[in-house]
Amino acid sequence: MTRKRMSPRAGHILPSEITSERDYFDKPSPIARRDVLKTLGGGMLASLAAGSVTPATAATERTAKIAGVKPSSRYRLDDVNSWEDITTYNNFYEFGLDKSDPARNAGRMKVKPWSVEVTGEADKTGVFTLEDILRPHPLEERIYRFRCVEAWSRVVPWVGIPLADVLKRFDPNSRAKYVEFTTLMDPMQMPGQRRAVLDWPYVEGLRIDEAMHPLALLVVGVYGHWLPNQNGAPLRLIVPWKYGFKSVKSIVRIRFTARQPRTSWNLAASNEYGFYANVNPAVDHPRWSQAKERRIGQSFLAPRVDTLAFNGYADEVSSLYRGMDLRRFY
Ligand code: MTE
């Protein structure tokens, strides 16, 4: 995502598009990849040389395992993407604009100790340690589809807590119509914040009924391990029926508010990134279609798959938007 140019770059290929996931991860030697590369044209190789693709050897270390995670019986899916798919191809502009930058640069972010300030229209506000926030809640693994506004998608086994369970503990009052979430602001640790790509810090928001919906998840882990920094450690949001940019990372502030918050991508380009940002194959981005998506981890020859309304969660969430014109509130 950039303000000027968000469309997938011509000649831009993903590691997972070059070699099938199985070849890529089961065979550490990049033979299959090399074979495929031989068949690619010079343009693609030039883009590899220019560093727009994660090197074949890219791998990220597993973080520590989380004890006592309970798999959800309801949110299970086949076709889960690999750890590498999920942790080497990221959007986290605080660490750079290339998909491989966060895995390379986010290691420097200090995520312990971590605290979250809760402010605004609630009875119990203040600064809470991450441990305080997590302590009462069982951690659950939920496998969700994830759809980026850039028209790629994957299937991710998140570990987290229903957002509503956490928010209710702060006793939001009747004026709390929205919830705003803010990412850490620290240009020393987050070099991307030294560039005026967005109006930092990164801010996102939900209507309170969206935030209280049982699908909205406050996430601390992936694949049974604590979140790697590039995926938004130590605490991030996942709203699976919305485009990925709503799923704000490394949260340090939660604010209950009477008015719709001003959110980062909406401020940067309101005609391209709405406040609602519900996945909707019927409403194109001004510069590309949203009807189909490219599954990360599949061969680059694989056909794009149809994007589903609300990313496949329409049965559960469409009632939130009854009577709303989803072309206007995009
Ligand atoms: N949160 C912050 N703070 N900064 C970001 O750049 N990018 C968003 C979202 N949350 C972003 C962010 C976008 S565009 C996407 S698609 C998802 O994070 C990517 O999450 P992932 O890297 O875990 O797949």
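This chat covers the ligand site, the open pocket and some backbone geometry of a predicted model.

User: Before we start, what kind of model is this, and what goes into the values?
Analyst: It's a predicted model, so to speak of local features pLDDT must be at least 70, side-chain atom pairs count only at pLDDT 80 or more, and totals for chains, interfaces and linings use all residues. Residues are numbered from 1 along each chain as its sequence is written, and side-chain values use heavy atoms, with hydrogens and water left out.

User: OK, ligand. Where does the ligand sit?
Analyst: In the largest cavity. A cavity is a set of points on a 1 Å grid over the protein atoms alone where a 1.4 Å probe fits but cannot get out, and "sits in" asks for more than half of the ligand's atoms within 2 Å of the grid points.

User: How much space lies in that largest cavity?
Analyst: About 310 Å³, where volume is the space filled by probe spheres set on the points, with points joined across faces, edges and corners. The lining has 23 residues, with N91, F92, R236, G244 and K249 closest to the centre; a lining residue has an atom within 4 Å of a point.

User: Which strand gives the largest share of that lining?
Analyst: Strand β5 (residues 152-162), with three residues. Strands here are DSSP runs of E, at least two residues, and helices are runs of H or I, at least four, numbered from the N terminus.

User: Which residues are closest to the ligand itself?
Analyst: Y93, E94, R154, R236 and K249, out of 18 that surround the ligand, counting a residue if one of its heavy atoms lies within 4 Å.

User: And which polar side-chain atom lies 2.7 Å from a ligand oxygen?
Analyst: One from K249. R154 has a side-chain N or O atom 2.6 Å from a ligand oxygen, and for N231 the distance is 3.0 Å. The cut-off for a polar contact is a pair of N or O atoms within 3.5 Å. Taken alone the ligand exposes 540 Å², and the protein buries 99% of that; those areas are Shrake-Rupley values with a 1.4 Å probe.

User: Switching to the largest pocket, how much space is in there?
Analyst: About 460 Å³. A pocket is an open set of points with protein on both sides within 12 Å along at least five of seven lines. Its lining has 18 residues, with V111, K112, L130, W226 and P234 nearest the centre.

User: Which helix gives the most to that lining?
Analyst: Helix α7 (residues 130-134), with three residues. By class the lining has 12 nonpolar, three polar and three charged residues, with Asp, Glu, Lys and Arg as charged, Ala, Val, Leu, Ile, Met, Phe, Trp, Tyr, Cys and Pro as nonpolar, and the others, Gly among them, as polar.

User: Back to P234. Is the bond from A233 cis or trans?
Analyst: Cis, with omega about -5°, and P234 is in the loop between β9 (225-226) and β10 (236-238). The K112 to P113 bond is cis too, omega near -5°; P113 lies in the loop between α6 (101-105) and β2 (115-120).

User: What's the phi of A151?
Analyst: Positive, about 75°, although A151 isn't a glycine. A151 lies in the loop between β4 (140-147) and β5. Most residues other than glycine have a negative phi, and most peptide bonds are trans.

Technical notes: Polar contact = N/O pair within 3.5 Å; in protein donor to acceptor, adjacent residues only side chain to side chain.
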